[in-house]
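Hi,

Here is the structure I promised to send over. Have a look at it first, and then read on for what turned up.

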Amino acid sequence: MNLYLLEQNQNNDYDTYDSCVVASEDMATAQLINPSYEGWGEFNSSWCTHPRDVGVTYIGKASDDMEEGEIVIASFNAG
């Protein structure tokens with residue numbers, strides 16, 4: 001399991017996430033993780049509307065007890 005930094009700058013208003021660190025097996029799977037737990041393409045989403053708008057950066061190995069899709073930390077811009 002790996003750790004990935006996910007970043008988006010499409011939706012940068014109040015009450016939105018700009019980034020998070022997640023555990024995932026690979027970059028493609030990590031890119032599908034939505035820290036808001038909302039569906040993709042939702043008009044009032046607090047994340048971007050499509051996975052292609054998510055930047056993914058490998059940052060290291062996760063601990064053995066982490067699960068796929070686990071969010072380690074997220075940056076939320078409360079308004």
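**The negative patch**

D64 is exposed, with a relative accessible area of 83%. Keep in mind throughout that this is a predicted model. As for where to look, D64 sits in the loop between β3 (55-61) and β4 (71-77). It belongs to a negative surface patch, together with D65, E67 and E70.

E70 is another member of that patch, and it is found in the loop between β3 and β4 as well. Its relative accessible area is 33%, so it goes down as partly exposed. That is still enough for the patch, because residues there need over 30% relative accessible area and no salt bridge. If you want a distance for E70, its C-alpha is 16 Å from that of T57, with the two positions 13 residues apart in sequence numbering.

**The aromatic pairs**

How many aromatic pairs are there? The count comes to two. One of them is formed by Y4 and Y58, and the arrangement is edge-to-face. The ring centres are 5.8 Å apart and the planes make an angle of 70°. The angle is what settles the label, because planes over 60 degrees apart count as edge-to-face.

This pair is worth a click, I'd say. Y4 is in strand β1 (residues 2-7) and Y58 in strand β3, so the pair links distant parts of the chain, 54 residues apart. Are the two tyrosines buried or exposed? Y4 counts as buried, at 4% relative accessibility, whereas Y58 is partly exposed, with a relative accessible area of 42%.

**Helix α1**

Two residues of this helix came up. A30 is found in helix α1, which covers residues 27-30. A30 has a relative accessible area of 0%, so it is buried. In sequence A30 and E68 are 38 residues apart, yet their C-alpha atoms are 8.7 Å from each other in space.

M27 lies in helix α1 too. With 41% relative accessibility, M27 counts as partly exposed, because buried would call for a value under 20% and exposed for one over 50%. The C-alpha of M27 is 9.6 Å from that of L6, and 21 residues separate them along the chain.

**Strand β4 and a loop residue**

A74 is part of strand β4. At 35% relative accessibility, A74 is in the partly exposed class. Its partner in the distance list is L5: the two are 69 residues apart along the chain, and their C-alpha atoms are separated by 9.5 Å.

Last one: D15. Where does D15 sit? You'll find D15 in the loop between β1 and β2 (16-24). What caught my eye is the backbone, since phi of D15 is near 60°, a positive value in a residue other than glycine. Most residues other than glycine have a negative phi. As for the side of things facing solvent, D15 counts as partly exposed, at 41% relative accessibility.

Cheers

Notes: Residues are numbered from 1 along each chain as its sequence is written. This is a predicted model: local features need pLDDT of at least 70, side-chain atom pairs count only at pLDDT 80 or more; totals for chains, interfaces and linings use all residues. Side-chain values use heavy atoms; hydrogens and water are left out. Patches are made of residues with over 30% relative accessible area and no salt bridge: like charges are joined within 9 Å, nonpolar side chains (Val, Leu, Ile, Met, Phe, Trp, Tyr) within 5 Å. Accessible areas come from the Shrake-Rupley method with a 1.4 Å probe; for residues, only the protein chains shown count as cover. A salt bridge is a side-chain nitrogen of Lys or Arg within 4 Å of a carboxyl oxygen of Asp or Glu. Lys and Arg count as positive and Asp and Glu as negative; His and the chain ends are not counted. The place of a charge is taken as NZ of Lys, CZ of Arg, CG of Asp or CD of Glu. Helices (H or I, at least four residues) and strands (E, at least two) are DSSP runs, numbered from the N terminus. Buried means under 20% relative accessible area, exposed over 50%, partly exposed in between (1.4 Å probe, protein chains only). Rings of Phe, Tyr and Trp (its six-membered ring) pair if their centres lie within 6.5 Å; planes under 30 degrees apart count as stacked, over 60 as edge-to-face and the rest as tilted.
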